[in-house]
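Here are a few notes from going through the model, written up as numbered points. Have a look at the structure first, then read on.

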Amino acid sequence: MAVSTGKTREGFTVRVLHAPAPLTETPAARYVWAITRLALGWVFAWAFLDKTFGLGHETPAARAWIDGGSPTTGFLENSPEGPFAGLYNDLAGQTWADWLFMIGLAGIGTALILGIAMRIAAGAGALLLVLMWTAVLPPENNPFMDDHLIYAMVLIGLALVSAGTTLGLGKWWNDTALVRRYPVLK
């Protein structure tokens, strides 16, 4: 705790105790969370771009979504194991699943990069990641933990510390009439 001392007009000495800002409110912490938000936003945005345009990283040009490829087929036909494999195999290539997956990737990535709608982005992103985790049960290198669950927890942390307000449009977004009326959009 910091103590500051001052004098009033009447000559009295006043001492005021100042509690330190929580660690998450320090400039260094705000920038670390903001950079983490941008990095994770790029993970989602890149997945959307690569699957849409077949940029050759994970999706060859011949399988691009804009050229008729299915963004869910490769993973959902080949990767699922464990108790949910049959469910995910049945979803592979379904038009509604492709659209929902791609809208999710684009929306989550955009929201994270811009720093807006962090609560919805965190919730949707965590749900998507947990679903992807259930597709690969049990994980290859651990009895239960893998990067999908860690990313899901990081997304929730980003929303809890209002990471969109540093290096993002979160402050402006949170002050809009729409968000003031519907705070779930923060």
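**Notes on the aromatic pairs and a helix contact**

1. Let's begin with Trp-99. This is a predicted model, and in it Trp-99 has a relative accessibility of 48%, so the residue counts as partly exposed. With the exposed class starting over 50%, Trp-99 stays in the class in between because its value is 48%.

2. What does Trp-99 pair with? A search of the whole structure turns up three aromatic pairs. In one of them, Trp-99 meets Trp-65 edge-to-face, with 4.9 Å from centre to centre and 65° between the planes. The pair links distant parts of the chain: Trp-65 sits in the loop between helix 1 (27-53) and helix 2 (73-78), while Trp-99 belongs to helix 4 (residues 95-114), 34 residues apart.

3. Another pair is made by Trp-172 and Trp-173, and this one is tilted, at 6.3 Å centre to centre with 55° between the planes. Are these two buried or exposed? Trp-172 is exposed, at a relative accessible area of 55%, whereas Trp-173 is buried, at 16%. The cut-off for buried is under 20%, which is why 16% puts Trp-173 in that class.

4. Now for the packing of helix 1 on helix 6 (residues 147-160). The axes are 10 Å apart and the angle is about 130°. That angle makes helix 1 oblique to helix 6; an angle has to be over 145 degrees to count as roughly antiparallel. The crossing of helix 1 past helix 6 is left-handed.

5. Which residues make that contact? Helix 1 supplies Trp-33, Thr-36, Arg-37, Leu-40 and Phe-44, and helix 6 brings in Tyr-151, Val-154, Leu-155, Gly-157 and Leu-158. By type, the residues of the contact of helix 1 with helix 6 split into seven nonpolar, two polar and one charged.

6. Last, a look at Leu-129, which lies in helix 5 (residues 118-135). Leu-129 counts as buried, with 5% relative accessibility. Setting aside neighbours within four places in sequence, Leu-129 is in contact with Phe-44, His-148, Tyr-151, Ala-152 and Leu-155. Phe-44, Tyr-151 and Leu-155 also take part in the contact between helix 1 and helix 6. For Leu-129 and Leu-155, the C-alpha to C-alpha distance is 9.9 Å, with their places 26 residues apart in sequence.

Note on methods. Residues are numbered from 1 along each chain as its sequence is written. This is a predicted model: local features need pLDDT of at least 70, side-chain atom pairs count only at pLDDT 80 or more; totals for chains, interfaces and linings use all residues. Side-chain values use heavy atoms; hydrogens and water are left out. Rings of Phe, Tyr and Trp (its six-membered ring) pair if their centres lie within 6.5 Å; planes under 30 degrees apart count as stacked, over 60 as edge-to-face and the rest as tilted. Helices (H or I, at least four residues) and strands (E, at least two) are DSSP runs, numbered from the N terminus. Buried means under 20% relative accessible area, exposed over 50%, partly exposed in between (1.4 Å probe, protein chains only). Contact means heavy atoms within 4.5 Å. Axes are lines fitted to C-alpha atoms, for helices over the stretch in contact, and angles run from 0 to 180 degrees between N-to-C directions. Angles under 35 degrees count as roughly parallel, over 145 as roughly antiparallel, 65 to 115 as roughly perpendicular and the rest as oblique. A crossing is left-handed if the near helix is turned anticlockwise from the far one by less than a right angle, and right-handed if clockwise. Ala, Val, Leu, Ile, Met, Phe, Trp, Tyr, Cys and Pro count as nonpolar, Asp, Glu, Lys and Arg as charged, and the others, Gly among them, as polar.
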